[in-house]
Structures are given as structure tokens and as C-alpha cells.
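Hi,

Here is the structure I said I would pass on. Have a look at it first, and then read on for what turned up.

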Amino acid sequence: SRGMYARFSGFWVLLLVVFTPLSLSFSMAPVANEAGIPHGLRKAKTAQPDYIRVLLVRHGESTNNVLAKRVEEGYKSGSLTLEQARAEWFDKRSEDPDLTPKGTEQARLLAQVLAPELRGESNRVVLVSSPMRRAMRTTQPLAEALGQSVLVHPDMFESGGCYSFDGSSFGAGAGGSRSDIAREFGDAYQTWMLPEQGSWNGELGKEDVPEATKRAARAVQWTLSQKAMDMLENGGGARAAMVIVCHADFIDLFLQQMVLIADARGGDSESCGKGSGKEESSDANLSFVSENTSVSEILIPVGKGPARLKYLNRMP
């Protein structure tokens, strides 16, 4: 069996999936033309599309994760008031934290498990990373194991952004520039999507939830776009895989927006890049939870057909 956590309107629920991975259609249109009958025996058979794999990976444990856990526990135990806990968080957090030794080991184990699977099941792999240091660091062992370059994407950063706080107001945090990333991570990290000058986050300070939601919708649109599909299909076709190493809250928003956008398109991937036609909302009764270095996989159809959530929050 496999455990999967989801949060419904503030309540935590553990779902156990036995024997087979979770497979949910994002399209709200019916996917079965006859209920209770095996697919191969139905009168009107539905063609099963070929799929491209999109794997969403949360980064390994960061120094901010450790700090957040400590101050949250202090608040829950009553040793800190909410105001004290928030003050300690803002005072001690890093604007762009690195991995802890535990997070570094998690990244190594992720590569050890995921690289052979990708080599065995996919004939083309595209690696995409958030521009935040903890995500790029998590991607490193996997990129080295696969001998792959990494595309650094400016829209895949964590909800809230890279921000500073001086005790009274928020400002832009110290995100790395193209040259900073090349110096720290090497030429294998492709930064052509980032601004040519200055930090990747520019003058962007602390992002609010509606802004993060719109950005997640934009990231989904890019993932479904013809440009992204061309990157995957160049020698890969239906056995291609895109691995996006990013963040917990961003994965939650990404999956919520994938549901909305796929529903608006009626499961037709041929309309990729043409807009969803509906206003994206940041309110959700269902949120998707991701542990450090967990993997969630989406299957994107080549041509018509619903996208499918194959599994969520799988640990290496």
C-alpha cells in the first residue's frame, strides 16, 4: 500500500492506495462510456492516448524548514505566542536558504531511486528547477546521475517569493543572477529564461496568494504549451518525462490550477497555450501536500484526452 496525504477544509486525511497507484482524471468530462464493464469489452471503446510524464518533486530539507518546524512547535506547545513565533521566523529565516545535511542526503537518495526509473521508462528526460537555491541543489545529484542539463524556470519558485523583511516592511530578497547561478552550480544550469541582468526575482518582494495563484496558472500553461511539448517530443515522444523540482506550496497551487485549466479545456491538450477561459481562484477545499523530496506524477496526453494524476507525495 502507499500513503497519500490530502487536506480537506483544514482537516488532514491519510488516504491509503492499495496495490495500484492513484490515477485520477483532471477533466470533469466523463471518462467512461459504460460503467462496471472492462474497458476492452465496452461497445464504444475510448482510445487511450499516449502520455508524457510530468513529475513534480519537492526540494530536500532546507534550513528554513528546520526553523519553521521549531517555531511552530514552540507556538503549539505554548512556549511562544503567535507574535513571538512570527517574530522569530522573520528574524532568523534565510531569504534563499540552502539544504541542511539531511536535505543533501535526501537529494542523493532521490537521485539514486529516480534516475534508474527515468532511464528505464523514459527515452527523453527534461529537468526543470525553481531558481531558488534549495531546489537547484536538490536537482544536482539527479542531473549528474542522468548526465542532463537543468532548465532554471523563473515561474517555479515558492509561494511568497524570495523576500526580505526589515522589521516593518517587506522588500525584494537576494535572489541569484545568471552569473551567480553559473558560478555556484556550473554551466549545466541553463538560465536563459531568467533576466539578463540582476537577480532572477528583480524587484519582486513578498508575493501574496492571488499573485502566486496566477503564477502557478502561468506555469501550468507553460508546461502544457507547444514549446514545452516540443522539448519533450524531440526524440522522446510519448515516453518522454519532465521533472520539475520546486516547492510544497507551489506544487499545491500547480495541481489546483492543473485541475481548473484541464477542466476548462475539456481534456483537450491540443488547446494548450490558448488560455483557460476562466478566472483562477486561490480558494480551495482540497489542497495537495508534499513532503521533502517527495514525487507527484502527472500524465499529459499527446493529442486529445484527460490529464491524469498517477500518484501524489510518493517518497523515494
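Let's start with one residue, Ile181, which sits in helix α5, the stretch covering residues 178-185. Keep in mind as you look around that this is a predicted model. Is Ile181 buried or exposed? Its relative accessibility is 2%, so Ile181 counts as buried, the cut-off for that being under 20%. Leaving out residues up to four places away in sequence, Ile181 touches Met136, Gly176, Gly186, Tyr189, Thr191 and Leu194. Another pair to look up is Ile181 and Arg133: they are 48 residues apart along the chain, yet their C-alpha atoms are separated by 8.7 Å.

Arg133 also belongs to a helix you'll want to find, α4, which runs over residues 133-146. In general, two packed helices are described by the angle between their axes and the distance between those axes. For α4 and helix α3 (residues 101-121), the axes come within 8 Å and cross at roughly 40 degrees. That crossing angle makes α3 oblique to α4, because angles under 35 degrees would count as roughly parallel and those from 65 to 115 as roughly perpendicular. The crossing is right-handed.

Which residues make that contact? On the α3 side they are Ala107, Arg108, Leu110, Ala111, Leu114, Ala115, Leu118 and Arg119. From α4 come Arg137, Thr138, Pro141, Leu142, Ala145 and Leu146. Sorted by type, the residues of this contact are 10 nonpolar, one polar and three charged.

Next, a loop residue. Where is Ser290? You'll find Ser290 in the loop between strands β11 (286-288) and β12 (295-301). Ser290 has a relative accessible area of 5%, so this loop residue is buried too. Setting aside neighbours within four places in sequence, Ser290 is in contact with Arg58, Ala248, Ile251 and Asn313.

Finally, the whole protein. There are eight helices and 13 strands. The protein has 316 residues, and 48% of them count as buried. Its accessible surface comes to about 15500 Å², with 52% of that belonging to carbon and sulfur atoms. If you take the contacts between residues at least 6 apart in sequence, 73% join residues at least 24 apart.

If you only have a minute, go to the α3 and α4 crossing, then to Ile181 in α5 and Ser290 in its loop.

Cheers

Key:
Residues numbered from 1 in each chain as written. Predicted model: local features only at pLDDT ≥ 70, side-chain atom pairs only at ≥ 80, totals over all residues. Heavy atoms only, no water. Axes fitted to C-alpha atoms, helices over the stretch in contact; angles between N-to-C directions. Helix = DSSP H or I, 4+ residues; strand = E, 2+ residues; numbered from the N terminus. Parallel < 35°, antiparallel > 145°, perpendicular 65-115°, else oblique. Left-handed = near helix turned anticlockwise from the far one by under 90°. Contact = heavy atoms within 4.5 Å. Nonpolar A, V, L, I, M, F, W, Y, C, P; charged D, E, K, R; others polar. Buried < 20%, exposed > 50% of the residue type's maximum accessible area, 1.4 Å probe, protein only. Areas by Shrake-Rupley, 256 points an atom, 1.4 Å probe, with all protein chains shown as cover.
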